[in-house]
Amino acid sequence: MGILSGNPQNEPMHYGEVAGVWAYLFTTKSLYAEYQVFLNHTGDVDLRDFIQDVIRGKKQEIEQVENLLKANGVALPPAPPDRPSVSIEQIPAGARINDPEIAGAITRDIALGLVSCSSIIGQCIREDIAAMFVQYHANNLQLGARLLRLNKEKGWLIPPPLHVQAPEAVHV
């Protein structure tokens, strides 16, 4: 195996790994700032706690992925500035993002994060990078289940048309 044997951290990243990991970091940095904004707009205590947990997780991911890219000589993507913390009362009613909208946006982001992590895992030849994204995938699964429960409890979940009765079989 030559260069691809031994400690995976000594193996070079291939172009697909670099592109996938770099794009993941760019997106995660953007989500970090977006969730800071969501935190300012959130009125529900449970959703607020959830967002704070997500922000902490994103911060850890950013640090880990930045360290990986730096160690491999890859330039880091830009990051939007941190958003200041403001009181929800400072945001005009017409400019506020509602709690169900916030929950829906984060639900979408978690679903997209699962696909992104799966894609990176699938193209990895470095076990350490694959393992890192397996962990991020598992974290997203847990967050998704937690947010689904919260969406149901708060009445924010809008299901598609439910199939409650199967049509009768047609005999030919």
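Here are a few worked exercises on helix packing, cysteines and two residues of helix 1, all based on a predicted model.

**Exercise 1. Work out how helix 1 and helix 3 are oriented to each other, and what their contact consists of.**

Step 1: Start with the axes. Helix 1 covers residues 15-41 and helix 3 covers residues 99-123; their axes come within 11 Å and cross at roughly 165 degrees.

Step 2: Put that angle against the cut-off. Angles over 145 degrees count as roughly antiparallel, so helix 1 is roughly antiparallel to helix 3.

Step 3: Add the hand, which is left-handed for this crossing.

Step 4: Now list who touches whom. Helix 1 brings Gly16, Glu17, Gly20, Val21, Tyr24, Leu31, Glu34, Tyr35, Phe38 and His41, while helix 3 brings Asp99, Ile102, Ala105, Ile106, Arg108, Asp109, Ser116, Cys117, Ile120 and Gln123.

Step 5: Sort the contact of helix 1 with helix 3 by class, and you get 10 nonpolar, five polar and five charged residues.

**Exercise 2. Do the same for helix 3 and helix 4.**

Step 1: Helix 4 spans residues 127-154, and its axis comes within 9 Å of that of helix 3, with a crossing of roughly 155 degrees.

Step 2: That angle is over the 145-degree cut-off, so helix 3 and helix 4 are roughly antiparallel to each other. The hand of their crossing is left-handed.

Step 3: On the helix 3 side, the contact includes Ala103, Ile106, Ile110, Gly113 and Cys117; on the helix 4 side, Phe133, His137, Asn140 and Gly144 are among the residues involved.

Step 4: Count by class: 14 nonpolar, seven polar and no charged residues make up the contact of helix 3 with helix 4.

**Exercise 3. Find how helix 2 packs on helix 4, and sort the contact residues by class.**

Step 1: Helix 2 (residues 45-71) packs against helix 4 at an angle of about 170 degrees, and the axes are 12 Å apart. That makes the two helices roughly antiparallel.

Step 2: Among the helix 2 residues in this contact are Asp46, Asp49, Phe50, Lys58, Glu61 and Leu68; the helix 4 side includes Ile129, Phe133, Arg146, Leu150 and Lys154.

Step 3: The class count for helix 2 with helix 4 is 12 nonpolar, two polar and seven charged.

**Exercise 4. Decide how many disulfides the model has, and where Cys117 and Cys124 stand.**

Step 1: Apply the cut-off: a disulfide needs two cysteine sulfur atoms within 2.5 Å. The count is zero disulfides.

Step 2: Check Cys117. Its nearest cysteine sulfur belongs to Cys124 and lies 10 Å away, so Cys117 is in no disulfide.

Step 3: Look from the other end. For Cys124, the closest cysteine sulfur is in Cys117, and 10 Å is too far for a bond.

Step 4: Check burial, for which the limit is under 20% relative accessible area. Cys117 is at 0% and counts as buried; Cys124, at 15%, is buried too.

**Exercise 5. Are Lys29 and Tyr32 buried or exposed, and what do they touch?**

Step 1: Place them. Lys29 is in helix 1, and so is Tyr32.

Step 2: Lys29 has a relative accessible area of 7%, so it is buried. Tyr32 has 13% and is likewise buried.

Step 3: Skip neighbours within four places in sequence. Lys29 is then in contact with Ile62, Glu66, Leu76, Pro77, Pro78, Ala79 and Pro80, whereas Tyr32 touches Ile55, Lys58, Lys59, Ile62 and Asp82.

Step 4: Finish with a distance. Tyr32 and Pro80 are 48 residues apart in sequence, yet their C-alpha atoms are 8.8 Å apart in space.

Terms used. Residues numbered from 1 in each chain as written. Predicted model: local features only at pLDDT ≥ 70, side-chain atom pairs only at ≥ 80, totals over all residues. Heavy atoms only, no water. Axes fitted to C-alpha atoms, helices over the stretch in contact; angles between N-to-C directions. Helix = DSSP H or I, 4+ residues; strand = E, 2+ residues; numbered from the N terminus. Parallel < 35°, antiparallel > 145°, perpendicular 65-115°, else oblique. Left-handed = near helix turned anticlockwise from the far one by under 90°. Contact = heavy atoms within 4.5 Å. Nonpolar A, V, L, I, M, F, W, Y, C, P; charged D, E, K, R; others polar. Buried < 20%, exposed > 50% of the residue type's maximum accessible area, 1.4 Å probe, protein only.
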